[in-house]
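Reader: I am new to this structure and would like to understand how its descriptive terms are earned. Could you take me through the reasoning?

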Amino acid sequence: MPVTKSAGGPQGTVDLQLDLRSPPESARKLQNKDSGFLDGSPSKSPASEVTKGITTFQTLVHLLKSNIGTGILGLPLAMKNAGILMGPLSLLAMGIISCHCMHILVRCAQHFCRRLNKPFMDYGDTVMHGLEAIPNAWLRNHGHWGRHFVSFFLIVTQMGFCCVYIVFLADNLKQVVEAVNSTTTNCHYNETVVLTPTMDSRLYMVSFLPFLVLIVLIRNLRVLTIFSLLANITMLVSLVIIAQYIVQVLPLENKMKDARRFPLILSLGMSIVTALYISIGTLGYLRFGNGIKASITLNLPNCWLYQSVKILYISGILCTYALQFYVPAEIIIPFTTSQVAKRWALPLDLCIRLAMVSVTCVLAILIPRLDLVLSLVGSLSSSALALIIPPLLEIATFYSEGMSPVTIIKDALISILGFVGFVMGTYQALNELIRSEDPLTFSNSTTFIQ
């Protein structure tokens, strides 16, 4: 069962993508996934797909990369707001709950694969079959709505993350360039930086577009592993540099060759991510206290060693864009290309990719306070995908086969937690969006260092 896990967006959301294909498009998808870079190789059988699936290591690489993004830079501030006790405990609790919801989703997908004798099952199809298993006749007859609901939210969420990545890339490159004349080799003290104005950040966004277009033309998840690995390395180096400054001052299952090992890899990956989040958030707050900024890079000295953090993050996010883009592309493109003759499939595929990446760039340029808009999107869609749907799906899938009251209560509580986050997050985002009259800002911007 092919799996792509995605969750490294600004809101720290988690959504598990299980192949993202509906059954009629399965053969088409098997052709696309392993067709290489811009080639038109013939379709492959399911057995061939299993043979050429991504390895355990590649799955772990994708899992880590999709969970470690720009949001980790703002965790010390979140720790300040939550408190030194509640902050780490809340992160640990959410890490455990998120990982548990992913396991639920995988288990439900595997259940329907065995029951329907299918080689793989995506998130949308799993929800659809879950609704069809419910005794209510109306829900059974409208189960396909569940698939469309999930696909729509996945597209909106992942495209939103791509927009934020473009803003992050442009803002950080602009800040490095404007501070270059004031950057020193002395990393032992902080000073106010006098920036040298350059071109508008929107021009920086446009300048990244050719590179993003080239990256999203890669249609093979195995090839994207190289970019995920590079992104992991650059971000790891960045976090190590940040951590050493803090400490020196202180005293994806369906795409795997062996899908049975995915739950273990999922637990390992989420354990690493949760530990990293808690460590950076807690140590960052302990080091800077109430002086912590929206992004911890704001608190670093203005020397080349710490300016390199931004440069490394730019490289990492540039590579990550393709992985986030992969999710909506694998929903939209196979369905669209299946509507045309085979000789037009590849040109249409490339045109859609070009159009989608251009849309993310245009939205990043045109929408004021994009960060608040995406906060709203994250509250709406990511809460539903990550916390509300999986527990309800488990009840719909296994209730007729017998479930313990404890499991039902547990699932209900998780869904209620997700719904509370849905309501509160949406209210907060709408409130800030209505009241805000400021120009575009981005929560991970690092414009000033003091």
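Author: What follows is a set of questions and answers about this predicted model.

Reader: Why is L85 called exposed?

Author: The relative accessibility of L85 is 59%, and the term exposed applies over 50%, so L85 counts as exposed. L85 lies in the loop between α4 (75-82) and α5, and together with I84, M86, L89, L283 and L286 it forms a nonpolar patch on the surface, with about 550 Å² of accessible area. The elements that give two or more residues to this patch are α5 (86-116) and α11 (262-288).

Reader: What makes the pair R115 and E401 a salt bridge?

Author: Their side chains meet at 3.7 Å, N to O, and because the cut-off is within 4 Å, the pair qualifies as a salt bridge. R115, at 44% relative accessibility, counts as partly exposed, and E401, at 45%, is partly exposed as well.

Reader: How do you know that D349 and R353 form a salt bridge, and how are they placed in helix α13?

Author: The closest N and O atoms of D349 and R353 are 2.6 Å apart, which is within the 4 Å that the term requires, so this pair is also a salt bridge. Because D349 and R353 are 4 residues apart in helix α13 (residues 342-366), about one helical turn separates them. Both residues are buried, a word that stands for under 20% relative accessible area.

Reader: How many salt bridges are there by this rule?

Author: The count comes to 7 salt bridges, and R107, E394, K410 and D411 are linked in a network of them.

Note on methods:
Residues numbered from 1 in each chain as written. Predicted model: local features only at pLDDT ≥ 70, side-chain atom pairs only at ≥ 80, totals over all residues. Heavy atoms only, no water. Patch = residues over 30% accessible without salt bridge, like charges linked within 9 Å, V, L, I, M, F, W, Y side chains within 5 Å. Areas by Shrake-Rupley, 256 points an atom, 1.4 Å probe, with all protein chains shown as cover. Buried < 20%, exposed > 50% of the residue type's maximum accessible area, 1.4 Å probe, protein only.
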